[in-house]
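Colleague: I am new to this structure, so could you walk me through how its strands are arranged? I would like to hear the reasoning behind each term.

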Amino acid sequence: MGGGTPARVAAAVRRHVDTIDVAGVAFRISCRYPKPGFWARSRPEFLTTRPPDVVVAITYDEGLRRRARRPAGEDTVADAPYVRRRGRGLLVTTGYYRATVDIRSGRVAVRMAAGFGVAGLIRTLAALWLLDRGTVLLRAVRLGRDGATLACGVPEAARSLARGAAVAGYLAVTPRPDGVAARLTPFLEGEKPPRARPEARVRTLWVPGADAGPTRPAGVARAVAVLLPAIWQADRRRGAVVRTLDLATRIVTALRRDEVGARTSRREGVAVG
């Protein structure tokens with residue numbers, strides 16, 4: 001063989017493959033380079049052996065790296081996705097990747113600037129698939145021993161009111177006929193988030209209130225206005241935005257809602273799970 005021995009050829013085309021579960025959707029990530037797998041295996045509790053719902057093939061592209069003109073890292077290049085229809089599928093673009101997405105077949109082909117991580121990409125793909133399943137990715141903190149309180153936009157000082165683990169980051173939040181579920185995802189803050197139950201039934205939502213003064217009930221409109229900017233809205237086309245607004249409204253109407261300030265104390269009657 002002109003290209004080398006069979007062993008060398010096999011090594012050259014070998015792909016690193018890992019499957020990660022995001023709120024019930026299994027994403028199989030494959031790439032010739034190990035970087036995406038390092039990210040997946042850094043969150044072993046989300047690895048799965050289930051057959052994939054979505055197959056994501058990633059190719060690193062030096063040309064995209066040069067066009068990004070920034071050091072590699074999602075915090076250095078715009079990560080907000082732009083989604084548009086392309087034939088029977090979708091084209092998703094950011095400052096450092098282009099993804100061709102076929103929702104029906106569960107196939108995604110990605111060209112990514114060399115050196116960039118895959119967390120932002122998988123978060124965006126998860127948001128696309130989960131929205132169809134009635135779930136949003138909400139940046140919030142799950143509080144309490146049983147995870148029954150969600151704090152969204154609340155100052156960190158106020159979070160100390162909760163006893164037990166505080167898990168922060170993007171949570172998969174789903175309104176159901178019997179209540180609201182908040183599931184952990186691979187998109188949590190910190191290298192080693194605290195151990196917590198994978199899924200919790202939420203009863204209370206905290207939103208920001210006045211710095212001083214007692215806790216008071218929050219209205220539906222106020223709570224929805226807090227939630228919407230905290231949702232990772234991958235698809236900003238009209239239909240997807242209307243769907244997200246409907247889910248956010250169903251979430252807040254199903255929960256007890258409290259406005260909590262940075263100086264609120266436990267004596268003021270804050271309900272914590």
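Modeller: Gladly! This is a predicted model. Let's begin with strand S3 (residues 54–61) and strand S7 (residues 107–113), which pair in the parallel sense over seven bridges.

Colleague: What makes S3 and S7 a pair?

Modeller: Pairing needs at least two bridges. S3 and S7 have seven bridges, so they count as a pair. Within it, Val56 stands opposite Val108 in S7.

Colleague: How do you know that S5 and S6 pair as well, and in which sense do they run?

Modeller: Four bridges join S5 to S6, therefore the requirement of at least two is met. These two strands run antiparallel, and they form a hairpin with three residues between them. Leu90 stands opposite Val101 in S6.

Colleague: What does Val101 face on the S7 side?

Modeller: Val101 stands opposite Val108 in S7. S6 and S7 pair in the antiparallel sense over six bridges. Their hairpin has four residues between the strands, and Gly106 takes a positive phi near 70° there.

Colleague: Why are S1 and S4 called edge strands?

Modeller: The open sheet of seven strands has the order S1-S2-S3-S7-S6-S5-S4, with mixed pairing. Strand S1 (16–22) and strand S4 (82–86) each pair on one side only, and they are the edge strands. From one strand to the next, the twist averages 20°.

Colleague: Which side chains of S6 are buried?

Modeller: Tyr97, Ala99 and Val101 point to one face and are buried, so each has under 20% relative accessible area. Arg98, Thr100 and Asp102 point to the other face and are not buried. Helix H4 (residues 119–132) runs at about 25° to S6.

Notes: Residues numbered from 1 in each chain as written. Predicted model: local features only at pLDDT ≥ 70, side-chain atom pairs only at ≥ 80, totals over all residues. Heavy atoms only, no water. Axes fitted to C-alpha atoms, helices over the stretch in contact; angles between N-to-C directions. Contact = heavy atoms within 4.5 Å. Buried < 20%, exposed > 50% of the residue type's maximum accessible area, 1.4 Å probe, protein only.
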